[in-house]
Amino acid sequence: MSVDRHSPAVQFARRMLINRETGNPSRPQPVTLLLGPVGSGKTTALEAIRRDLGWGVVHAGFDFGQGGRAGTIDVLTKLAYSLSSKWRNRPKPQFIRFTIALIAVQAELSGRNRDEDLAQLKSLLGSLDRIIWTPAMDSTLDTLTETAKATGLVEPPYADLFRQTFPHLVRNIRPRLGKALRSLADFPHAEGRSPFDALLELNRLAHGSARDAKAVTEWLMAAFLGDVRENHPRMARPEEKSPCTCDISQQRKHWHNWVVVLDDVDHPGGTEFLADLIAARERHAVQHPNDREAHDALLVIATSGRWHDDWGTAWLAPWKPASGAPPAVRPIVDCEEASYDDWANPGTGALDSAYYPVRISPQSIGRIARILDSGARTPKVTLAHRATGGLPSAVEQLTGRLRASDAREGDRDLLTTDPRGEQDPCYRRLTELALTEHLDDVHVDDFVTAAPFATAPWLIPDAAQSRIDQPHVGRILTELRTSLWVTAKNSPGSTTDQAALHPWIAANLVSALARRGDGDGPTYTDQFKALRDDPDTAQDPVRLAYCNLALGDIGEVVTFFEREFNRIPHAEWIAKLELVLNAPDDLPPERDHAELYEELVNLDNAQCPAGRSEIRNNVARLIAAGWLTANPFAVRGQAQHQVIANAFAALATTSHQPDVGALVSAKEAARRGEFP
């Protein structure tokens, strides 16, 4: 399979590969996190990164989403097994410290007589330190792996994996035990004991309490990272001769990191493993402040479909606006902007962090065009890009439908009907997004009911009890944010709490609610009236206009924007207009744009028949055309864009303000199909 070397995730990984220039000391490495909601292509991105690394960079991986909780020791064993493969043009890595520690942990010692236990442990290790492998050694390893399973050293779902990998690690360490034994005695829990006495203490901890189990994990993690630090320089010279397209000026001689890719760290065991790794790094750096090799050369690239509180200390959650954030907290960036320097140099007053969360980039319109075998600016490609927000799984779902369709400008039902006459496609898509996976007693129907609250373009404050007193709404809003479906609006003109739900989930939620059958629950009108009548909404005329437009009351909205047109700067007026025009609608999807546009304009004429100003006429055209065009499931066309552009042009001629530059800019954006 070919590698998309231009994908943002692959390019990001390449920028992070440099460990150091030849001759320089080691430098700290981040735990990078590729963040994205369900269907954003996180696993695909990791696969592309691994293929791009090829044999040129030592790497290994683990998937936390395969079922069952993975313990830190399970993950370390699998990583050590993979990293100790034979890499082209390099000596074979050996995880000696880690393997000896595993053996010591699994040894069945009596714990009653120190001398007997010491002799038994020495005999066990001595039996493995030989040139010729015997059947008795296989039997010894079988006993050790059974002990690991019985004592809980490995999690039950990973017992078979441990049985497969552990013998490989043992075979790979012989006969170099002396130095590794001495370094294992350097761990704080050894308390200055001799190497074998230190291993006895490790064995005692392994068979002790849950608190002792934490110490065992710390010891094994330290052993694993110690092996990485020792192996990396020994293997660095051949790495310089491997294929390399690293992003470094003048291609100065350098060493690569080793790379560990971890998928779905939001699943059980994932964040715990990352915390254990970071804690071990910090302990080692404190204990060896002057060591040129104090930092291991292990770059972690992990994926997560959920936000974790541990990351929020130094990094701003995606749904929180930058304007209200403390100066010490940094906003996360997209893959394209991420780099080692960005992570390592947080700036004055910003907090350092061992984590580096970045957003995984959506598919570009050019990529979608290639998937649909169509031009980048054709109606079907533009529709797919806007409706899906570049969500790869959504693009894949729509590919067959759009390839076989002639997307006619003005159509509104292409994505809301199933040509086979089966289940409502919007409801089916919502089900496939696993929205309820982390919520007990909450169903997809509850998400549909909460659509007005979830899709409102502002963050509902904690004090807004009247808006969230409906069943499950508070939990649903929290879940949508945690699962990375909500992004703060940090653009000029946005309010401090303005945010956006991902267009794919937002459009499907609203469409499912608008077409909900009688008796199946609260209706679209019921729920948007509840949002409109909330006290917080009533105090904000822009948000009130948003709700009125969602309910189809175009006359009230036109009146508001006509009144505001010459009262506030045009740039502010346009920002408010754009927010309101993105209100959803429950208009019949089978009726096309032209028919509905004329009906809306006539409706405003009927509501305000006398004394109409030229400003009102143009505002009415602008709102009617803009509202219909903003629907993510509507097929846009140049005729619609021109109506919006003409309205802006006409408004510029009737303005009482000295600067109409914002109106002219909006006109040009509309002609390009970029407004609203």
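R408 is partly exposed in this predicted model, with a relative accessible area of 46%. Its salt-bridge partner is D411, and the closest N and O atoms of the two side chains are 2.8 Å apart. D411, for its part, counts as buried, since its relative accessibility is 14% and the cut-off for buried is under 20%. This pair therefore joins a partly exposed arginine to a buried aspartate.

What makes such pairs possible? Side chains of opposite charge can pair when their charged atoms come close. In the structure as a whole, the count comes to 30 salt bridges.

One of these links E293 with R20, with 2.9 Å between the closest N and O atoms. E293 sits in the loop between α12 (270-287) and β6 (298-304), while R20 belongs to strand β1 (residues 18-21), so the salt bridge ties together parts that lie 273 residues apart in sequence. The surroundings of the two partners can be described as well: R20 is buried, at 4% relative accessibility, whereas E293 is partly exposed, with a relative accessible area of 25%.

A further salt bridge is found between D540 and R543, where the closest N and O atoms are 3.2 Å apart. Here the aspartate, D540, is partly exposed at 21% relative accessibility, and the arginine, R543, is buried with a relative accessible area of 12%. Elsewhere, salt bridges are linked through shared partners: E562, D604, R612 and R616 are joined in this way into one network.

Technical notes. Residues are numbered from 1 along each chain as its sequence is written. This is a predicted model: local features need pLDDT of at least 70, side-chain atom pairs count only at pLDDT 80 or more; totals for chains, interfaces and linings use all residues. Side-chain values use heavy atoms; hydrogens and water are left out. A salt bridge is a side-chain nitrogen of Lys or Arg within 4 Å of a carboxyl oxygen of Asp or Glu. Helices (H or I, at least four residues) and strands (E, at least two) are DSSP runs, numbered from the N terminus. Buried means under 20% relative accessible area, exposed over 50%, partly exposed in between (1.4 Å probe, protein chains only).
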